[in-house]
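This briefing goes through one protein model, from its overall build to single residues. Please keep the sequence and the structure in view while reading.

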Amino acid sequence: MNDKSGLAITLFGEILMVDQLARTRLTKALPKGMELSHFSVLNHLDRTNSERSPAQLAKTFHVTRGAMTNTLNKLELAGYVHIRPDWDDARRKMVAISPAGRQARDAALAGMEPLIRDIVDNLGDERVRSALPILRELRLRLEDET
């Protein structure tokens, strides 16, 4: 193994460990019964403030349509999203966040915010800002390969 291979393996090892630790800590901060995937979909729908099809959401989150359908069914059962037929194509559906979904998203964010703020405070704003372009470029390169 050469130095570049070792560097790449170390980089991805750190990313995977950070992902696992962050998911575990954030999941503990979520309201009872909410999963991180639920929060992610609610947050996306809230931030975009528009309807999305299940296929669009699956593509956005890089999951299968079946996985997204499962998440959306749970969110609909909880009353967090409204799912309606697409008026232009009856084979498709459209998903929008409900008022209860916005409240659940806000509650989840309130639970996660102290943890996220503490991490950024400990690392320092400048160090976090300097890491973001590298992480963003890595994400974009990985998205291009899918």
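A residue counts as exposed when its relative accessible area is over 50%, as buried when that area is under 20%, and as partly exposed in between. Asparagine 49 has a relative accessible area of 57%, so it is exposed. The model is a predicted one. It contains six helices and two strands, and the points below cover the overall build, two helix contacts, the buried side of helix 3, and several single residues.

**Overall build**

- Read from the N terminus, the order of elements is α-α-α-α-β-β-α-α.
- The C-alpha trace spans about 55 × 35 × 25 Å along its principal axes.
- The protein has 146 residues, and 23% of them count as buried.
- Of the contacts between residues at least 6 apart in sequence, 52% join residues at least 24 apart.

**Helix 3 against helix 4**

- Two packed helices are described by the angle between their axes and the distance between the axes.
- Helix 3 covers residues 54–61 and helix 4 covers residues 65–77; their axes come within 9 Å and cross at roughly 110°.
- Angles of 65 to 115 degrees count as roughly perpendicular, and helix 3 and helix 4 are therefore roughly perpendicular to each other.
- The crossing of these two helices is right-handed.
- On the helix 3 side, the contact is made by Pro54, Ala55, Leu57, Ala58 and Phe61; on the helix 4 side, by Arg65, Met68 and Leu72.
- Sorted by class, this contact of helix 3 with helix 4 has seven nonpolar residues, one charged residue and no polar ones.

**The buried side of helix 3**

- Which residues of helix 3 are buried? They are Pro54, Leu57 and Ala58.
- These residues lie on the same side of helix 3, because they cover an arc of only 100° around the axis.
- Pro54, Leu57 and Ala58 also take part in the contact with helix 4.
- The cover over the buried residues of helix 3 includes helix 2 (36–48), helix 4 and strand 2 (89–97).

**Helix 2 against helix 4**

- The axes of helix 2 and helix 4 come within 10 Å and cross at roughly 85°.
- This pair is therefore also roughly perpendicular.
- From helix 2, Ser37, His38, Val41 and Leu42 meet Met68, Thr71, Leu72, Lys74 and Leu75 of helix 4.
- By class, the residues of this contact of helix 2 with helix 4 are five nonpolar, three polar and one charged.
- Met68 and Leu72 of helix 4 appear in this contact and also in the contact with helix 3.

**Histidine 38 and arginine 105**

- Is histidine 38, which lies in helix 2, buried or exposed? Its relative accessibility is 7%, so histidine 38 counts as buried.
- Not counting residues up to four places away in sequence, histidine 38 touches Gly33, Thr71, Lys74 and Leu75.
- Thr71, Lys74 and Leu75 are among the helix 4 residues that meet helix 2.
- Arginine 105 is in helix 5, which runs over residues 99–123.
- With a relative accessibility of 12%, arginine 105 counts as buried.
- Leaving aside neighbours within four places in sequence, arginine 105 is in contact with Phe39, Leu42, Asn43, Asp46 and Arg47.
- Leu42 is also one of the helix 2 residues that meet helix 4.

**Positive phi in two loops**

- Asparagine 49 sits in the loop between helix 2 and helix 3.
- The phi of asparagine 49 is near 50°, which is a positive value in a residue other than glycine.
- Histidine 62 follows helix 3 and lies in the loop between helix 3 and helix 4.
- Histidine 62 is not a glycine either, and has a positive phi of about 55°.
- At 48% relative accessibility, histidine 62 counts as partly exposed.

**Alanine 131**

- Alanine 131 belongs to helix 6, residues 125–144.
- The relative accessible area of alanine 131 is 31%, so this residue is partly exposed.
- How far apart are alanine 131 and glycine 13 in sequence and in space? They are separated by 118 residues in sequence and, C-alpha to C-alpha, by 17 Å in space.

Conventions: Residues numbered from 1 in each chain as written. Predicted model: local features only at pLDDT ≥ 70, side-chain atom pairs only at ≥ 80, totals over all residues. Heavy atoms only, no water. Axes fitted to C-alpha atoms, helices over the stretch in contact; angles between N-to-C directions. Parallel < 35°, antiparallel > 145°, perpendicular 65-115°, else oblique. Left-handed = near helix turned anticlockwise from the far one by under 90°. Contact = heavy atoms within 4.5 Å. Nonpolar A, V, L, I, M, F, W, Y, C, P; charged D, E, K, R; others polar. Buried < 20%, exposed > 50% of the residue type's maximum accessible area, 1.4 Å probe, protein only. Arc of directions from axis to C-beta.
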